[in-house]
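I have a new structure open and a fresh notebook page. Here is what I looked up, in the order I looked.

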2 protein chains.
Amino acid sequence: MPTKAGQEIIPTLGFTMGVTYRKLSMYLQHRLKPFDITPEQWSVLLEVDSAEGLIQKEIAERTSKDHPTTTRILDQLESKGLVYKQKGKQDRRSYLVFSTDKAKPIIEAGKGYEQEMRSELLECVTEQEYEVMMELLHRIDHHFSGVNKDF
Amino acid sequence: MPTKAGQEIIPTLGFTMGVTYRKLSMYLQHRLKPFDITPEQWSVLLEVDSAEGLIQKEIAERTSKDHPTTTRILDQLESKGLVYKQKGKQDRRSYLVFSTDKAKPIIEAGKGYEQEMRSELLECVTEQEYEVMMELLHRIDHHFSGVNKDF
DNA sequence: ATCATATAGTTGTTATAACAATTAAATGAT
DNA sequence: ATCATTTAATTGTTATAACAACTATATGAT
């Protein structure tokens with residue numbers, strides 16, 4: 001059967017999730033702009049701060065980013081003076097990453113904006129719906145982690 | 001109170017949605033690779049096919065992409081011979097976009113993969129959960145469209 | 001009709017993401 | 001101990017996204 005044009009498209013979950021994710025990302029982006037930091041940089045900085053001395057591999061795992069992306073985001077943070085690296089002593093291939101004093105106020109501000117974003121979300125979904133959504137996202141994430149492994 | 005390092009991070013909805021979205025996107029990416037098309041190109045191509053003769057502005061709205069991004073994705077599709085543009089007759093600023101015959105099999109394949117992806121999703125969430133998720137995503141999308149307007 | 005304003009599209013810039021390929025150091029097998 | 005194999009990190013390339021600035025055309029006010 002040939003393609004029939006003119007049919008209404010029913011958006012898929014993946015498509016809709018992408019659109020919605022970008023809206024949430026933009027929310028943070030706008031608020032973090034005065035601090036000259038992006039949402040992705042923020043997420044990495046938060047991990048660094050939460051456990052000083054992580055190596056990049058661990059940061060990559062915790063943020064679900066690949067290693068090249070993690071390297072480059074850390075480079076950005078380093079060039080802004082928000083993190084610094086220390087060559088590993090037992091394993092000289094790796095670097096331990098730490099946040100600087102300059103990063104502290106940014107981290108506090110970011111945490112505030114995440115709180116704000118949560119409040120904003122709770123204006124359109126209930127606490128329970130929020131939790132349901134998190135649970136479903138985790139389930140899908142886990143399932144597709146497995147499925148994508150075959151590639 | 002100063003930043004306390006060493007605390008476990010509770011991932012936010014935004015962060016988790018981003019991680020999960022990338023997994024879904026990768027699923028499609030891998031399957032579309034033989035057709036030399038990305039998931040985003042696919043979503044644009046699908047819109048073009050669903051209503052031949054749309055102008056770019058309309059395609060941008062339907063895919064929730066901004067105009068520059070839409071321009072460039074259409075450029076990619078055009079250079080691959082999957083769509084073509086026709087200068088508007090009443091409004092010479094705009095272009096009507098159409099899909100080519102070469103695009104038809106790709107569109108069919110893509111639709112198949114989206115079906116597959118839905119089946120894959122339904123292996124980890126119920127039909128009802130799928131619908132709940134869609135509804136919540138739409139609600140959040142709509143809410144943050146309003147909130148982000150202030151910027 | 002003219003001119004200001006709005007609109008459709010494009011181009012430039014920067015950041016993130018995915019992937020491939022590379023470097024350097026560590027580990028394992030023999 | 002030596003050599004092959006992993007592993008941590010980096011670099012290169014391409015695509016998407018957000019934003020600013022720009023061009024060309026259309027619309028609206030007077």
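Entry 1, the DNA. I note before anything else that this is a predicted model. I looked up what surrounds DNA strand D and found 26 residues, of which A:Gln56, A:Lys57, A:Pro68, A:Thr71 and A:Ser94 come nearest. Then I asked which elements give two or more residues to this surface. From chain A they are α1 (13–32), α3 (56–63) and α4 (67–79), and from chain B they are α2 and α4 (67–79). I marked α4(B) in my notes, since it gives the most, with five residues. By kind, I list ten charged, ten polar and six nonpolar residues on the surface near DNA strand D.

Entry 2, the two chains. Next I turned to where the chains meet. I see 58 residues of chain A in contact with 59 residues of chain B. On the chain B side, α1 (13–32), α2 (39–50), α5 (104–121) and α6 (127–149) each supply at least two residues. I sorted that side of chain B too: 29 nonpolar, 17 polar and 13 charged.

Entry 3, chain A by itself. I found six helices and three strands in chain A. Read from the N terminus, I get the order α-α-β-α-α-β-β-α-α. Is chain A a compact globule or more spread out? It is more spread out, because its radius of gyration is 19 Å, well over the 15 Å that the globule rule gives for 151 residues. I also noted the box its C-alpha atoms fill along the principal axes, roughly 65 × 40 × 30 Å. Of its 151 residues, 31% count as buried.

Methods:
Residues numbered from 1 in each chain as written. Chains lettered and ligands numbered in written order. Predicted model: local features only at pLDDT ≥ 70, side-chain atom pairs only at ≥ 80, totals over all residues. Contact = placed C-beta atoms within 7 Å. Helix = DSSP H or I, 4+ residues; strand = E, 2+ residues; numbered from the N terminus. Nonpolar A, V, L, I, M, F, W, Y, C, P; charged D, E, K, R; others polar. Rg over C-alpha atoms; globule rule 2.2 N^0.38 Å. Buried ≥ 20, exposed ≤ 12 C-beta atoms within 10 Å, placed from the backbone. Near = placed C-beta within 6 Å.
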